[in-house]
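Hi,

Here's the structure I promised to pass on. Have a look at it first, and then read my notes underneath.

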Number of protein chains: 2
Amino acid sequence: MSSSPSIREVARFAKVSVATISRVLNGKGAIRESTRTHVLAAIAELGYVPHSAARSLSTRRTLSLGVVLPDLHGEFFSELIRGIDLAARRTGYHILVSGSHSKSAEANAVLAALHGRVDGLIVMSPVQQPADAKAAKAARPSIPPGVPVVMLNAADETSLHDSIRIDNRGGARALVEHLLYLGHRRIAMISGPEGNLDAAERMLGYREALAARDVPFVEEWVLAGDFREESGFRAGQRILELESRPTAIFAANDAMAIGCFAAVRERGLEVPGDISIAGFDDVPMSRYLSPGLTSVRVAIAELGARAVERLLIAVDAVGERPRHHEVVAATLVPRGSTAPPGGPTQSTATPRRNSR
Amino acid sequence: MSSSPSIREVARFAKVSVATISRVLNGKGAIRESTRTHVLAAIAELGYVPHSAARSLSTRRTLSLGVVLPDLHGEFFSELIRGIDLAARRTGYHILVSGSHSKSAEANAVLAALHGRVDGLIVMSPVQQPADAKAAKAARPSIPPGVPVVMLNAADETSLHDSIRIDNRGGARALVEHLLYLGHRRIAMISGPEGNLDAAERMLGYREALAARDVPFVEEWVLAGDFREESGFRAGQRILELESRPTAIFAANDAMAIGCFAAVRERGLEVPGDISIAGFDDVPMSRYLSPGLTSVRVAIAELGARAVERLLIAVDAVGERPRHHEVVAATLVPRGSTAPPGGPTQSTATPRRNSR
DNA sequence: CTCCAGGCTGAAACCGATTACAGCGACAGC
DNA sequence: GCTGTCGCTGTAATCGGTTTCAGCCTGGAG
């Protein structure tokens with residue numbers, strides 16, 4: 001009673017062979033209707049539930065996908081996992097999630113442990129490659145051979161695996177151009193963590209946009225963050241203390257932008273009246289801030305779903321297959337948190353709210 | 001080359017038996033040092049990685065835990081999963097996540113599919129039981145016998161499984177008492193989805209707190225929400241249109257409170273000057289809103305970690321064992337978004353920000 | 001009546017690991 | 001020299017499914 005019966009016990013109970021049970025369960029092969037109902041009755045009677053590990057051992061299919069992420073903080077990952085889960089379940093797959101893999105040694109252990117447990121992997125490891133080739137090789141996640149993989153925003157440009165990337169650079173450029181267009185010339189940036197590829201690319205977009213308009217890049221207007229609210233809050237405080245205060249702040253993600261909001265308000269200043277703020281990712285909540293947060297939209301859930309689709313294609317494929325690389329757009333979403341320096345022309349009391 | 005070798009191929013290659021390979025891998029039994037290094041060399045040479053499904057079949061341990069959730073929207077679940085993942089990985093476990101199970105039929109399918117894939121389950125199904133006993137039985141998730149389970153905020157009070165619950169009622173009561181203490185008498189509520197247990201309990205706390213102070217309960221001040229920002233936004237709009245406008249709004253979770261913020265601001269009103277707003281859950285972001293959101297703190301990540309601890313105790317236990325039920329506190333966290341009706345005494349320009 | 005086709009069912013091999021048990025060699029004790 | 005012990009290694013059963021292949025039974029054709 002305490003533990004589930006095996007298929008053999010059901011077979012003995014129903015006085016048929018295990019093969020018959022299996023056939024009934026999987027609907028394969030011809031089964032006489034009377035035995036079918038008889039077997040189903042026995043299954044219900046004993047409360048039999050097939051053992052997935054055993055099944056995957058013989059079918060060589062686990063019907064689950066591994067998702068390896070660097071971190072699990074905040075809405076970005078929540079959305080990503082949601083998108084992945086939805087797409088996976090739609091096709092009968094389950095997902096095995098593992099987070100917090102800044103260290104590559106740790107990530108490798110997880111990757112190894114996932115072997116035989118999943119049919120494919122979605123790996124996000126936005127760690128920039130060391131310039132040194134040897135170190136780079138050591139740092140690269142070691143993925144068991146034969147397991148299909150989709151890399152998300154991967155650092156290495158090799159075509160070992162399929163990959164999907166966000167157009168961080170283009171998105172950041174569009175955002176900074178928007179700020180420049182509004183008339184801002186002193187634009188601070190709160191960057192992401194050191195060594196993070198997304199962070200580096202967004203920074204690059206920022207510099208490119210400035211350079212294209214001959215706006216000088218000022219080192220001290222760039223502050224380090226770590227993609228968390230707290231770091232945005234602190235960076236915001238420091239920016240507001242600068243002598244010639246910037247008129248706009250570009251935070252490398254929404255969480256930091258929100259922290260920055262708090263810093264500005266705590267100082268008794270207004271957004272966007274006294275200073276404009278913009279973020280990146282367009283997490284669902286950003287449109288409900290007041291004023292709405294200008295951001296760069298990355299369809300996070302869709303990104304996850306896309307990764308699943310590509311992965312399943314690879315899983316179903318037989319033999320060698322050319323790698324597929326994809327870049328998803330990141331589009332500017334202007335909202336109330338950015339306005340020309342000195343404040344918006346219309347009243348700040350009615351911030352515009354963008355619908356989807 | 002394309003697919004991983006099995007232990008037998010390694011054995012053949014190293015000219016030893018499979019038992020020896022296994023012993024080297026698991027550090028069990030005595031192995032001569034020379035054969036050990038020889039075997040390790042062979043393993044490295046072939047790039048062998050043990051097959052987890054096969055291993056779990058014979059050891060009867062999968063080293064993974066199933067997490068079945070009703071939904072994956074927003075920071076609540078992000079935090080919960082993070083807490084669970086961290087605690088699980090600390091003890092060498094992986095987690096299998098599955099979301100969006102409002103339908104119990106669906107949930108049952110998932111539960112069945114997880115059999116043999118996980119050593120234990122953390123199940124959150126905050127669906128209220130139908131009053132009808134027969135329907136109740138059908139709606140209850142059918143969990144394979146012999147699999148240890150920890151229920152999170154479960155609707156049924158049976159002691160079939162271990163459970164951990166949040167003190168929703170007490171938390172809501174404390175929050176509404178806080179509003180009453182500030183002097184509010186017209187307190188609106190944005191409730192959670194119909195049939196959701198947490199939502200129902202929070203509503204109960206609201207009514208109890210009002211009743212204790214002889215403040216009448218007004219039906220039309222209660223609006224339905226679904227725990228998402230959008231519904232909070234819409235409910236907020238409707239509340240502001242009421243004839244004798246409430247002076248405070250209690251949203252059944254933070255996401256809806258944030259949506260409500262937006263509605264209030266869009267109408268050109270101030271929080272808390274014109275109306276106070278409070279939420280529930282205390283998601284990480286709520287302290288970075290401006291003003292900070294008064295909420296009820298539920299240590300979400302710790303809740304997840306706690307569930308893992310309890311589950312692992314059950315997994316390691318042999319034989320029958322008394323069920324364990326636990327209620328975690330929900331404590332009021334007052335921040336700037338609530339103030340006496342008519343506005344705070346001090347300037348609204350410097351909202352107080354609470355540190356953890 | 002004989003033979004064959006086709007529908008069902010069962011026996012046994014297999015997936016890839018772990019592990020109980022047996023066996024082997026070396027060495028010490030008597 | 002014989003035997004017992006100890007350290008190490010190999011053989012084979014086992015976990016719980018799927019699937020190949022063979023065999024039985026029945027009915028219809030010749």
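Below is what turned up, starting with the DNA and moving on to the protein chains.

One thing to keep in mind: this is a predicted model.

**Around the DNA**

Let's take DNA strand C to begin with. It has 28 residues around it, and the closest are Ser17(A), Ala30(A), Ser6(B), Ile7(B) and Ser22(B). Helices H2 (18–26) and H4 (52–59) of chain A, along with H2 (18–26) and H4 (52–59) of chain B, each give two or more residues to the surface near this strand. Which of them gives the largest share? That's H2(B), with six residues. Sorted by class, the surface near DNA strand C has 13 nonpolar, 11 polar and four charged residues.

Now for DNA strand D. Here 28 residues surround the strand, and Ile7(A), Ala19(A), Ser22(A), Ala54(A) and Ala30(B) are the closest. H2 and H4 of chain A and H2 and H4 of chain B each supply at least two residues of the surface near DNA strand D. This time H2(A) gives the most, with six residues. The class count for the surface near DNA strand D is 13 nonpolar, 11 polar and four charged.

**Where the two chains meet**

The contact takes 57 residues from chain A and 57 residues from chain B. On the chain A side, the elements giving two or more residues are H4, H5 (74–90), strand S2 (94–98), H6 (104–113), H10 and H11. H5(A) has the largest share of that side, at nine residues. By class, the side of chain A that touches chain B has 25 nonpolar, 23 polar and nine charged residues.

Try finding S2 in both chains, too. S2(A) and S2(B) (residues 94–98) run antiparallel and are joined by three bridges. Leu96(A) stands opposite Leu96(B) there.

**Two helices crossing in chain A**

Last, look at H10(A) (residues 229–240) and H11(A) (residues 254–266). Their axes come within 6 Å and cross at roughly 45°. Are the two parallel or oblique to each other? An angle over 35 but under 65 degrees falls outside the parallel and perpendicular ranges, so H10(A) and H11(A) are oblique. Their crossing is right-handed. Among the residues making the contact are Phe233(A), Gly236(A) and Leu240(A) from H10(A), and Ile258(A), Gly259(A) and Ala262(A) from H11(A). The residues of this contact divide into 11 nonpolar, five polar and two charged.

Happy browsing!

Methods:
Residues are numbered from 1 along each chain as its sequence is written. Chains are lettered from A and ligands numbered from 1 in the order in which they are written. This is a predicted model: local features need pLDDT of at least 70, side-chain atom pairs count only at pLDDT 80 or more; totals for chains, interfaces and linings use all residues. A residue is near a molecule or strand if its C-beta atom, placed from the backbone, lies within 6 Å of it. Helices (H or I, at least four residues) and strands (E, at least two) are DSSP runs, numbered from the N terminus. Ala, Val, Leu, Ile, Met, Phe, Trp, Tyr, Cys and Pro count as nonpolar, Asp, Glu, Lys and Arg as charged, and the others, Gly among them, as polar. Axes are lines fitted to C-alpha atoms, for helices over the stretch in contact, and angles run from 0 to 180 degrees between N-to-C directions. Angles under 35 degrees count as roughly parallel, over 145 as roughly antiparallel, 65 to 115 as roughly perpendicular and the rest as oblique. A crossing is left-handed if the near helix is turned anticlockwise from the far one by less than a right angle, and right-handed if clockwise. Two residues are in contact if their C-beta atoms, placed from the backbone, lie within 7 Å. Two strands pair if DSSP finds at least two bridges between them.
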